[in-house]
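These are my notebook entries on a structure I went through residue by residue. I wrote down what I looked up, in the order in which I looked.

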Amino acid sequence: MASGWNVWSTVGRNDTFAHWREVVCQAFTKLTPERIADGPFAGEIRLSPFGGMGTFSKITASPQLVRRRNRDVEDRPCDAVFVNIQVSGTSAVRQCGVEAKLAPGSFVMLDARRPFDMRFDGNFRQVCMHLPMALLDAHGFDPAKAVARSVGRDDVFAAALLDSVDAILDEEDTEGSPDHLVHLLRLSYGDGRADMLADRHLRHIKQFVAGNCADPAISPGAVAAHFRISTRHLHKLFARSGVTFGQFLLRCRLRKARIALLLHPARPIVDIGLEAGFQSASHFSRSFSREFGLSPSQMRRRS
């Protein structure tokens, strides 16, 4: 990567594992590595800043157990997540009562604000993305339901994320950003896909409401029944856009009335309001003035 790599290694060290425990904490946050195999130990971490908000690291090491204990969290809080991509070897992780196994081509997300365990029974290589929680918050991504869940290339969004990471590390993509990766990460864990489906559903509902806004009988219950959803769910969908069903319906009727008002200067204003779905001339006039800053008659005179 263009910004260069910081390198920590056990090469040339007599106290290899003691040194490894120190460099792991220097590179990431306070963690507690433990040996689980006899014989020589070797490890290397190559770390580079990314996009001004996160880091990428390449980790190559011998078998070990890495824990972030309660006391580690208390001693050095870390408001971030780790996204660990298995390159070679295997690993097993556990956090918040959830366990997952990683094979090459899969990844897992761990929340550094809570304890977790990572076990590597053989030599391994991983790529780790360190992303601040503020970045996830900016995308509305709550990692609570995603921690310790392994995702692989069989998922189209996960495959896109892995390809993006490869391109960034190989410097084929010099414009990749943490925002782009968080977006793909969110989609990989389904949260974004649920949002996409909800947005699409809301778009269809709004088109239906706009096309039938002149019907005096249109209501949340009628629209919900048409789409075979509950009225409560309908209101939740509209809440996503920051506009209530009633506000959206009123705007549709007012826009319809404004168009008719300008296109048909001889048609009585009262008829235009009724044809747009308003129940009374007074309600139409008040709503129109509040929305456009002019009464219906004033707008007609200025046209």
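**Entry: H226 and R228**

I began with H226, which I found in helix α7. I am reading a predicted model here, and in it H226 comes out as partly exposed, with a relative accessible area of 48%. I then looked up how far H226 lies from A112, a residue 114 places away along the chain, and the C-alpha atoms of the two are separated by 45 Å.

From there I moved on to R228, which sits in the loop between α7 (220-226) and α8 (231-241). I noted that R228 has a positive phi of about 55°, although this residue is not a glycine. R228 counts as exposed because its relative accessible area is 80%, and the cut-off for that class is over 50%.

**Entry: the cysteines**

How many disulfides does the model have? The count comes to zero, and I checked two of the cysteines to see by what distance they miss. C25 takes part in no disulfide, since the nearest cysteine sulfur, that of C78, is 11 Å away, whereas a pair would have to be within 2.5 Å. C25 is also buried, at 14% relative accessibility.

C96 is likewise in no disulfide, and the nearest cysteine sulfur to C96, again that of C78, is 15 Å away. I placed C96 in the loop between β7 (91-95) and β8 (98-102), where its relative accessible area of 53% makes it exposed. I also recorded a positive phi of about 55° for C96, which is not a glycine.

**Entry: the cavity**

I next asked what enclosed space the model leaves. As a reminder to myself, rolling a probe the size of a water molecule over the atoms shows where empty space is left. I found one cavity of 30 Å³ or more, and the largest cavity holds about 160 Å³ of space. The largest cavity is lined by 17 residues, and those closest to its centre are F28, L31, I59, V66 and M118.

Which elements each supply at least two residues of that lining? I listed one helix, α1 (16-27), and the strands β5 (64-68), β6 (80-88), β10 (116-120) and β11 (124-132). Sorted by class, the lining of the largest cavity has 14 nonpolar residues and three polar ones, with no charged residues.

**Entry: Q86**

Because β6 had come up in the lining of the largest cavity, I looked at Q86, which is found in strand β6. Is Q86 buried or exposed? Q86 counts as buried, at 1% relative accessibility, the cut-off being under 20%.

I then searched for partners of its side chain. A polar atom of the Q86 side chain lies 3.0 Å from the backbone oxygen of S88, and a polar atom of that side chain lies 3.5 Å from the backbone oxygen of G89. Leaving out residues up to four places away in sequence, Q86 touches S91, then L102, A103, P104, G105 and S106, and also F124, R125 and Q126.

**Entry: F288 and S295**

My last entry concerns two residues that touch each other. F288 lies in helix α11 and is buried, with 0% relative accessibility. I compared F288 with R251, 37 residues apart along the chain, and found their C-alpha atoms separated by 9.3 Å. Not counting residues up to four places away in sequence, F288 touches L254, R258 and L261 on the one hand, and G293, L294, S295, P296 and M299 on the other.

Where does S295 sit? I located S295 in the loop between α11 (281-292) and α12 (296-302), and at 14% relative accessibility S295 counts as buried. Setting aside neighbours within four places in sequence, I found S295 in contact with F288 and S289. I also noted a polar contact of 3.1 Å that joins the side chains of S295 and S297.

Methods:
Residues are numbered from 1 along each chain as its sequence is written. This is a predicted model: local features need pLDDT of at least 70, side-chain atom pairs count only at pLDDT 80 or more; totals for chains, interfaces and linings use all residues. Side-chain values use heavy atoms; hydrogens and water are left out. Buried means under 20% relative accessible area, exposed over 50%, partly exposed in between (1.4 Å probe, protein chains only). Helices (H or I, at least four residues) and strands (E, at least two) are DSSP runs, numbered from the N terminus. A polar contact is a pair of N or O atoms within 3.5 Å; within protein, one must be able to donate a hydrogen and the other to accept it, and residues adjacent in sequence count only if both atoms are side-chain atoms. Contact means heavy atoms within 4.5 Å. On a 1 Å grid over the protein atoms alone, a cavity is a set of points where a 1.4 Å probe fits but cannot get out, and a pocket is an open set with protein on both sides within 12 Å along at least five of seven lines; lining residues have an atom within 4 Å of a point. Grid points are joined across faces, edges and corners, and a volume is the space filled by probe spheres set on the points. Ala, Val, Leu, Ile, Met, Phe, Trp, Tyr, Cys and Pro count as nonpolar, Asp, Glu, Lys and Arg as charged, and the others, Gly among them, as polar.
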